[in-house]
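User: I'd like a close look at one part of this protein, the nonpolar core, and then at whatever sits around it. Could you walk me through it in one go?

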Amino acid sequence: MTTTDERPATATPADLLRSTLRQYASGVTVITATGPAGPAGFTATSFTSVSLDPALVSFYVSATASSAPAVRAAEAFTVHVLRHGQRELATRFARSGIDRFAGTGWHTGPHGTPLLPGAAARLTARTVQITPVADHLLVVGEVVTADTDGGAPLVHHDGGYGGFAADPRG
């Protein structure tokens with residue numbers, strides 16, 4: 001027996017979730033924070049707005065990720081919304097076992113978080129809640145500052161990076 005799209009019936013719920021979400025296009029962000037061991041950062045597509053009043057955003061990070069201790073300890077984090085030409089930066093911050101900040105031209109911002117150059121938009125939030133959810137941490141922050149340079153976004157879909165072109169018909 002197979003599912004409606006011809007996957008074997010033996011696929012686990014995690015397999016089904018993974019293959020389904022590969023079809024969901026999402027923007028790409030790099031989230032940075034500073035913990036006891038220094039700057040940390042990772043690529044995330046799980047970033048979203050929560051509320052406008054107060055201005056809250058959230059993201060998820062694996063509880064076992066190398067950046068998780070910094071996220072837990074940091075008073076603030078910065079979300080960098082990547083532009084189309086920043087595929088290499090997204091790939092670098094998705095890798096483990098390397099110095100993700102090497103050669104990026106980053107600097108420390110006024111809220112103590114690492115700031116990366118060239119993002120289409122950037123916001124810094126004060127951490128207000130960290131909640132364990134299964135094997136991840138849900139992190140909620142209240143926006144304290146933001147800036148936007150604009151530009152075409154970097155998009156993640158089906159395991160790869162691409163761009164976005166607006167439909168001229170609206």
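Analyst: Let's start in the middle, keeping in mind that this is a predicted model. The largest nonpolar core has 16 residues, and the members that touch the most others are Ile 31, Phe 42, Phe 59, Val 61, Val 71, Phe 77 and Val 139. Several elements put two or more residues into this core: the strands β2 (29-35), β3 (38-44), β5 (55-62), β6 (76-81), β9 (121-133) and β10 (136-148), plus the helix α2 (68-73). The largest share comes from β5, with 3 residues. As background, nonpolar side chains tend to be buried together in soluble globular proteins.

Val 61 is a handy spot to zoom in on. Setting aside neighbours within four places in sequence, Val 61 is in contact with Phe 42, Val 71, His 136 and Leu 137. Apart from the largest core lies another one, made of 9 residues, including Val 28, Val 30, Leu 89 and Leu 154.

Leu 89 takes us to helix α3 (residues 87-94), where Leu 89, Ala 90 and Phe 93 are buried. These three are on the same side of α3, because they span an arc of only 100° around the axis. That fits the usual helix geometry: with 3.6 residues a turn, residues three or four places apart point the same way. Glu 88 and Ala 94, on the other side of α3, are exposed. And what lies over the buried residues? The cover includes β2, β3 and β12 (160-162).

Thr 104 is worth a look here too. You'll find Thr 104 in the loop between α3 and β7 (107-108), and its relative accessibility of 13% makes it buried, since the cut-off is under 20%. Leaving out residues up to four places away in sequence, Thr 104 touches Leu 89, Arg 92, Phe 93, Leu 116 and Pro 117. Two of those names, Leu 89 and Phe 93, also turned up among the buried residues of α3.

Now for the charged pairs. Side chains of opposite charge can pair when their charged atoms come close, and the count here is 4 salt bridges. One of them joins Asp 158 and Arg 22, at 3.1 Å from N to O. This pair links distant parts of the chain, 136 residues apart: Asp 158 is in the loop between β11 (155-157) and β12, and Arg 22 is in the loop between α1 (13-21) and β1 (26-27). Asp 158 is partly exposed, at 37% relative accessibility, and Arg 22 is also partly exposed, with a relative accessible area of 37%.

Strands β9 and β10 turn up again in the next two bridges. Asp 147 pairs with Arg 122, with their closest N and O atoms 3.4 Å apart; Asp 147 is in β10 and Arg 122 in β9, 25 residues away along the chain. Here Arg 122 is buried at 18%, while Asp 147 is partly exposed at 34%. Glu 142 and Arg 126 also meet in a salt bridge, at 2.8 Å from N to O. Glu 142 lies in β10 and Arg 126 in β9, so this bridge ties together parts that are 16 residues apart in sequence. Glu 142 is partly exposed at 26%, as is Arg 126 at 40%.

Then there's the empty space. The largest pocket holds about 950 Å³ and is lined by 30 residues, with Leu 21, Thr 45, Ser 46, His 136 and His 156 lying nearest its centre. You may remember His 136 as one of the contacts of Val 61. The elements giving two or more residues to the lining are α1, β1, β3, β5, α3 and β11, and α1 supplies the largest share, 4 residues.

Last, some backbone oddities. Most residues other than glycine have a negative phi, and most peptide bonds are trans. Asp 53 and Pro 54, though, are joined by a cis peptide bond, with omega about 5°, and Pro 54 sits in the loop between β4 (48-52) and β5. Ala 134 has a positive phi, near 55°; its place is in the loop between β9 and β10, and it is exposed at 81% relative accessibility. Asp 158, the salt-bridge partner of Arg 22, has a positive phi as well, near 50°.

Definitions and conventions
Residues are numbered from 1 along each chain as its sequence is written. This is a predicted model: local features need pLDDT of at least 70, side-chain atom pairs count only at pLDDT 80 or more; totals for chains, interfaces and linings use all residues. Side-chain values use heavy atoms; hydrogens and water are left out. A nonpolar core is a set of buried Ala, Val, Leu, Ile, Met, Phe, Trp, Tyr and Cys residues joined through side-chain atoms within 4.5 Å. Buried means under 20% relative accessible area, exposed over 50%, partly exposed in between (1.4 Å probe, protein chains only). Contact means heavy atoms within 4.5 Å. The arc is that of the directions from the helix axis to the C-beta atoms. A salt bridge is a side-chain nitrogen of Lys or Arg within 4 Å of a carboxyl oxygen of Asp or Glu. On a 1 Å grid over the protein atoms alone, a cavity is a set of points where a 1.4 Å probe fits but cannot get out, and a pocket is an open set with protein on both sides within 12 Å along at least five of seven lines; lining residues have an atom within 4 Å of a point. Grid points are joined across faces, edges and corners, and a volume is the space filled by probe spheres set on the points.
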